[in-house]
Amino acid sequence: MIILKSRQEIEKMKIPNRLVAEVLEEVVKKVMPGIATIELDRFAESMILKRGGIPAFKGYKGYPNSLCISINEQVVHGIPSKRRFKEGDIVSIDLGIYYDGYYGDAAVTLGVGKVSPESKRLLHATQKALCIGVEKARVGNHLSDISNAIQSYIEGEGFSIVRAFVGHGIGTSLHEEPQVPNFGEPGSGPLLKSGMVLAIEPMVNMGGSDVEVLEDDWTVVTSDRSLSAHFEHTVAITDNGPEILTKLL
Ligand code: MF3
Ligand code: CO
């Protein structure tokens with residue numbers, strides 16, 4: 001069942017989502033060669049707690065940290081560790097926060113120092129795919145219109161869409177119905193209605209679309225070890241169009 005949120009609920013959801021955007025912005029500023037991923041996790045967690053939020057991923061199905069940090073061929077769910085960033089790495093940072101009954105969720109991918117032109121192209125295309133998907137999050141469209149717009153653009157750029165992981169509804173739970181795939185034929189799935197809130201999150205590989213999970217039972221990597229990027233926004237569908245709740249003003 002897809003839960004529709006009232007205007008008041010969407011207003012309340014703005015708090016955890018704005019927190020996600022603010023913390024991510026501060027974390028991103030600290031990404032540079034030599035920084036260990038666990039340092040970013042500690043920094044993010046203290047910032048979240050100081051603002052009265054609760055890290056949403058920590059403890060979720062046993063996940064150990066507040067951030068997911070996925071480097072290069074890692075797609076999502078990388079666990080923060082002593083690993084240090086190197087010039088040329090591409091780094092996905094994913095953050096969820098719970099505040100007063102509601103969740104917010106967003107992710108960005110960025111380069112460490114100077115990155116290759118192909119990496120830059122992958123980052124730009126994945127971010128643009130998210131924008132293109134958000135544009136389709138309108139009353140009267142079908143859910144798969146979002147999915148199809150993302151897939152068509154990405155495949156046109158010569159990259160591939162991860163199929164094993166998808167976006168999701170979000171609200172009083174981190175994951176609600178519906179699932180939001182980043183691939184599919186247009187014009188199918190539920191009709192989009194005012195009050196739906198979706199976490200749209202394309203995961204895009206430079207090589208093939210297959211992925212596998214490492215021994216730690218969390219880290220998802222590309223099967224061909226090609227680079228991967230991930231961008232995510234939490235988006236409310238309103239009568240006035242899509243509202244990105246995780247965007248900084
Ligand atoms: N943004 C991801 C999601 O939507 C992150 C989940 S990580 C987990 O599911 F640790 F919470 F599983
Ligand atoms: Co998500």
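Ala, Val, Leu, Ile, Met, Phe, Trp, Tyr, Cys and Pro count as nonpolar, Asp, Glu, Lys and Arg as charged, and the others, Gly among them, as polar. By these classes, the shell around ligand 1 in this predicted model has 5 nonpolar, 3 polar and 4 charged residues.

The nonpolar residues of the shell include Phe57 and Trp218, and the charged ones include Asp94 and Glu232. His77 and His168 are also among the residues that surround the ligand.

Three side chains place a polar atom by an oxygen atom of ligand 1, as the table shows.

| Residue | Distance to an oxygen atom of ligand 1 |
|---|---|
| Asp105 | 3.1 Å |
| His175 | 2.5 Å |
| Glu201 | 3.0 Å |

Taken alone, ligand 1 exposes 330 Å², and the protein buries 94% of that area.

Where does ligand 1 sit? It occupies the largest pocket, which holds about 490 Å³ of space. This pocket is lined by 24 residues, and those closest to its centre are Tyr60, His77, Phe165, His168 and His175. Two elements, β7 (167–169) and β8 (176–180), each give two or more residues to the lining. The largest share, 4 residues, comes from β8. By class, the lining has 11 nonpolar, 6 polar and 7 charged residues.

The second largest pocket has a volume of about 240 Å³. Of its 16 lining residues, Ala21, Leu24, Val108, His233 and Thr246 are the closest to its centre. Here α1 (7–29), β5 (102–111) and α3 (117–135) each contribute two or more residues, and α1 gives the most, with 4. The lining divides into 10 nonpolar, 3 polar and 3 charged residues.

Notes: Residues numbered from 1 in each chain as written. Chains lettered and ligands numbered in written order. Predicted model: local features only at pLDDT ≥ 70, side-chain atom pairs only at ≥ 80, totals over all residues. Heavy atoms only, no water. Near = heavy atom within 4 Å. Polar contact = N/O pair within 3.5 Å; in protein donor to acceptor, adjacent residues only side chain to side chain. Areas by Shrake-Rupley, 256 points an atom, 1.4 Å probe, with all protein chains shown as cover. 1 Å grid on protein atoms, 1.4 Å probe; cavity = no way out; pocket = protein on both sides within 12 Å on 5 of 7 lines; lining within 4 Å. Sits in = over half its atoms within 2 Å of the grid points. Points joined across faces, edges and corners; volume = space filled by probe spheres on them.
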